Amino acid sequence: FVPGHYGSGNITSGSGITNVDATGTLVTGTQNYSFTAPNASAKYYLLGNPYACPIDFDTVYNNAGTQNISRKFWVIDPNLSTIGAYVTVTYNSGSGTYISSEGNQNQFIQTGQGFFVEAATPNVLSSIEIEENDKETGAAQTPMFRTNGGGLETFRIRLFKNINNNPTLLDGTVVAGHQNSSNAIDAEDGKKFGNFNENISIWKGNNTWLAVESRQLLDHNDTISIAISNMQQTTYQLEFEPANMNVAGLSATLIDYFTNTTTPISLTSNTTYSFSVTSNTASQGTDRFDVVFNNTTPLDLKFVNISAEKKESTVAINWNVNDQKGITSYEVERSSDGKSFEKIASLQAGDETKYSSVDEQPLNGNNYYRIKAIART
């Protein structure tokens with residue numbers, strides 16, 4: 001925080017012209033840091049980018065000298081609220097990209113930027129190695145933010161409050177859906193860091209609040225439980241921002257249990273919902289808001305014909321479809337007993353209605369095949 005010139009007293013608003021000069025010897029070469037987390041609730045370590053250049057957290061994580069560190073980090077976004085708020089950035093293995101809970105922070109940590117890392121296991125030495133090769137000269141040298149990339153479905157939930165008659169973004173959280181992700185709490189999820197004032201997060205039960213939830217694609221009967229805390233007795237707004245969620249038949253509804261109302265949430269554009277927090281404790285907490293998803297429209301796709309034909313040492317699998325609107329790809333799965341299947345091939349859906357795939361190494365004995373149509377990836 002640099003609120004203004006020395007002694008200005010501008011803490012929550014306003015600032016004076018401030019010039020900051022860097023002095024001393026420029027840091028170069030490999031930099032090593034280490035710590036031992038004492039327990040499961042104190043696993044975080046604060047360090048800073050030592051170079052006068054952005055660094056790629058992903059290459060830092062993959063350095064040989066980086067050990068016992070989760071593939072995620074936390075930073076402060078000074079543009080949230082009036083005094084900043086924490087943003088969580090996690091790695092999503094399904095898409096191979098990083099996803100942030102709010103703002104446009106990506107995997108690149110800017111020069112002078114501090115960040116928290118998490119020990120994967122407490123009471124074990126954690127080390128972070130930052131090398132010259134981790135510098136990313138091509139990263140945009142902005143105040144550290146850019147929009148999310150990759151092929152994820154994202155469902156962002158932002159918390160706003162009117163401050164001086166202007167809607168002010170206080171905090172945010174995000175659900176990142178990918179078919180290769182898991183609904184279980186794992187290394188791709190990011191826990192919520194409590195802010196200085198209002199908080200919004202995803203409530204998972206068992207004292208677990210997430211800033212980033214990485215999970216399977218949102219579908220019928222899935223529910224997102226929204227937690228709000230440290231609120232004031234005033235009016236707020238929730239903003240829902242979907243991305244890559246325009247799926248036939250899929251819908252979302254916000255349930256406000258405090259007011260006993262339901263509100264449709266668009267999955268193609270932003271939706272804003274205003275609500276008030278009162279002296280009643282039920283007006284905030286972990287059980288006021290749920291977003292419930294439904295998919296009541298079946299796909300029009302029909303498999304007209306499927307066949308598997310042995311050709312010398314291979315098997316040719318062919319299938320015909322009719323209307324494949326909304327289908328993005330097909331997966332060929334194989335089994336030795338007709339019960340447990342594994343994916344052996346994937347094909348992108350196109351304009352044609354006839355598809356084929358070759359099993360180059362069929363199993364000994366019987367081979368069973370099935371085709372899975374993927375509507376979203």
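Biologist: Taking buried as under 20% relative accessible area, exposed as over 50% and partly exposed as in between (1.4 Å probe, protein chains only), is E213 buried or exposed?

Modeller: Buried, as E213 has 3% relative accessibility. Keep in mind that this is a predicted model, where local features need pLDDT of at least 70, side-chain atom pairs count only at pLDDT 80 or more, and totals for chains, interfaces and linings use all residues. Residues are numbered from 1 along each chain as its sequence is written, and side-chain values use heavy atoms, with hydrogens and water left out.

Biologist: OK, and which residue forms a salt bridge with E213?

Modeller: K204, with the closest N and O atoms 2.8 Å apart. A salt bridge here is a side-chain nitrogen of Lys or Arg within 4 Å of a carboxyl oxygen of Asp or Glu. Unlike buried E213, K204 is partly exposed at 33%. Elsewhere, salt bridges with shared partners tie E102, R158, E239 and E241 into one network.

Biologist: How many salt bridges turn up in the whole structure?

Modeller: The search finds 16. One of them joins E118 and K43, at 3.8 Å from N to O. Those two sit 75 residues apart, E118 in strand 8 (residues 114-118) and K43 in the loop between strand 1 (31-36) and strand 2 (44-48). Strands (E, at least two residues) and helices (H or I, at least four) are DSSP runs, numbered from the N terminus.

Biologist: Are E118 and K43 buried or exposed?

Modeller: E118 is buried at 5% relative accessible area, and K43 is buried at 12%. Compare K135 and E132, whose salt bridge has its closest N and O atoms 2.8 Å apart: K135 is partly exposed at 27%, and E132 is partly exposed at 33%.

Biologist: Switching topic, what does the secondary structure come to?

Modeller: One helix and 26 strands. Of the 377 residues, 44% are buried.

Biologist: And which residues touch the most other members of the largest nonpolar core?

Modeller: F155, I224, F240, F275 and F293, out of 29 residues in that core. A nonpolar core is a set of buried Ala, Val, Leu, Ile, Met, Phe, Trp, Tyr and Cys residues joined through side-chain atoms within 4.5 Å. Strands giving at least two residues each include strand 10 (153-163), strand 16 (235-243) and strand 20 (285-295). There's also a second, separate core of 24 residues, with A37, L47, V87 and I130 among them.

Biologist: What does I224 touch, leaving out residues up to four places away in sequence?

Modeller: F155, I157, V175, I202, L218, F289, D290, V291 and F293. Contact means heavy atoms within 4.5 Å.

Biologist: Now sheets: what's the strand order in the open one with strand 22?

Modeller: It runs 21-22-25, with antiparallel pairing; two strands pair if DSSP finds at least two bridges between them. Strand 21 (303-311) and strand 25 (354-359) are at the edges with a single partner strand each, so one side of each has no neighbour in the sheet. Strand 21 and strand 22 (residues 314-321) share eight bridges, and N305 stands opposite N320.

Biologist: What about the sheet with strand 23, what order there?

Modeller: That open sheet goes 24-23-26, again antiparallel. Strand 24 (342-348) and strand 26 (368-374) are its edge strands. Strand 23 (residues 329-335) pairs with strand 26 over seven bridges, where S329 stands opposite I374.
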